[in-house]
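This report describes the fold and the internal spaces of one protein chain. The sequence and the structure come first, and the description follows.

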Amino acid sequence: MNVKVVIFDWDGTLVDSVEHIADSLHQAATDLGYPALEREAYRDIIGLGMVEALEKLYPGISREEMKSIREGYAGYFFSKVTTPQNVFSGMAEVLGDLRQSGRRCSVATGKSRRGLEGALESSGLGVHFDITRCADETRSKPDPLMLREILDFYRVDPSEAVMIGDTRYDLDMARRIGMPSIGVEWGVHKRDVLGDYQPHAVVESVAELRDVLGL
C-alpha cells in the first residue's frame with residue numbers, strides 16, 4: 001500500500017485494553033447506581049470520546065452525573081498501567097518497520113490526552129509517533145476533525161494516508177474524508193461491521209496487516 005502517513009487508533013488496535021476499559025466503565029457506573037449493561041454495550045462505545053460514550057450508554061445523563069462517572073472511571077482505569085506486554089504481539093515491530101521504510105506514524109484516539117500521554121510512555125510506543133490527537137482536544141470520532149489536523153501537520157492529502165482501527169468509528173471517520181482505511185479484527189468490531197465502511201482491507205492478524213502495508 002503506497003501511502004506516506006499511517007494513522008493508528010490506540011485501544012484495541014495497538015494495545016490490548018478493550019476489556020479493561022469495559023470493566024472500568026461498568027464498575028464506575030454501577031458504583032453510582034446506574035444499571036449494569038450488557039458487556040457488548042460497554043465494548044461498542046470504545047473509540048468514542050468519553051462524553052459521547054456516556055451519552056450513548058445512558059441517554060439523558062446530566063453533565064454532573066457524567067463528571068461523577070468519569071472520575072470513577074479514571075480511578076479504575078489508571079489503577080492499571082499500560083506496559084509493553086499489553087501491546088499486541090508484532091505491532092511494535094510494524095511501527096518500527098514503517099518508520100524504517102520512510103513512512104510517518106501518528107495516533108488518532110478516543111482516549112483523553114492524560115490517558116494517552118501516560119500510555120505512550122509506559123508502553124514504549126511513544127517514540128514512533130510524530131503527532132497524536134485525542135478526543136478531548138478536538139472532536140470525537142467519527143467526526144474526522146482529528147484526521148484533518150494530522151493531515152495538516154504532514155501537509156498531505158487524505159489519499160496519501162491510511163487509518164488503521166478496530167472499530168466502526170475509526171473506519172467511518174476515514175470514509176468521511178475519503179481516506180483509505182484498514183480494519184483489524186483483534187479489537188472491538190469484526191469483519192461484518194467493519195466491512196460496512198468500505199475499508200481498503202480487513203485483516204485478522206498482524207501478519208496480514210504487514211502484507212497489506214507492504215512490509
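In this predicted model, helix α8, made of residues 168-176, lies across three strands, β2, β4 (161-165) and β5 (181-184), and runs at about 160° to β4. Helix α5, residues 91-100, lies across β1 and β2, and its direction makes an angle of about 160° with β1.

The strands named here belong to an open sheet of six strands, whose order is β3-β2-β1-β4-β5-β6 and whose pairing is parallel. Because β3 (131-134) and β6 (201-203) stand at the edges with a single partner strand each, one side of each has no neighbour in the sheet. Neighbouring strands are turned against each other by 20° on average, with direction ignored. Within the sheet, β1 (residues 5-8) and β2 (residues 104-109) run parallel and are joined by four bridges, and Ile7 stands opposite Ser106 in β2.

The chain is divided into domain 1, which covers 5-15 + 85-213, and domain 2, which covers 17-79. Taken over C-alpha atoms, the centres of the two domains are separated by 23 Å, and the contact takes 18 residues from domain 1 and 15 residues from domain 2.

Where does the largest pocket lie with respect to domain 1 and domain 2? Both domains give residues to its lining, so the largest pocket lies between them. Its volume is about 510 Å³, and of the 30 residues that line it, Met50, Tyr73, Gly110, Lys111 and Ser112 are the closest to its centre. Four helices, α1 (18-31), α3 (50-57), α4 (63-77) and α6 (113-123), each supply at least two residues of this lining.

Apart from the pocket, a search of the whole structure finds one cavity of 30 Å³ or more. The lining of the largest cavity consists of Val15, Asp16, Ser17, His20, Phe77, Lys80, Val81, Thr82 and Asn86. The table sets out the volumes and the classes of lining residues for the two spaces.

| Space | Volume | Nonpolar lining residues | Polar lining residues | Charged lining residues |
|---|---|---|---|---|
| Largest pocket | about 510 Å³ | 13 nonpolar | eight polar | nine charged |
| Largest cavity | about 70 Å³ | three nonpolar | four polar | two charged |

Definitions and conventions: Residues are numbered from 1 along each chain as its sequence is written. This is a predicted model: local features need pLDDT of at least 70, side-chain atom pairs count only at pLDDT 80 or more; totals for chains, interfaces and linings use all residues. Side-chain values use heavy atoms; hydrogens and water are left out. On a 1 Å grid over the protein atoms alone, a cavity is a set of points where a 1.4 Å probe fits but cannot get out, and a pocket is an open set with protein on both sides within 12 Å along at least five of seven lines; lining residues have an atom within 4 Å of a point. Grid points are joined across faces, edges and corners, and a volume is the space filled by probe spheres set on the points. Ala, Val, Leu, Ile, Met, Phe, Trp, Tyr, Cys and Pro count as nonpolar, Asp, Glu, Lys and Arg as charged, and the others, Gly among them, as polar. Domain bounds come from an automatic or database domain assignment. Two strands pair if DSSP finds at least two bridges between them. Axes are lines fitted to C-alpha atoms, for helices over the stretch in contact, and angles run from 0 to 180 degrees between N-to-C directions. Contact means heavy atoms within 4.5 Å.
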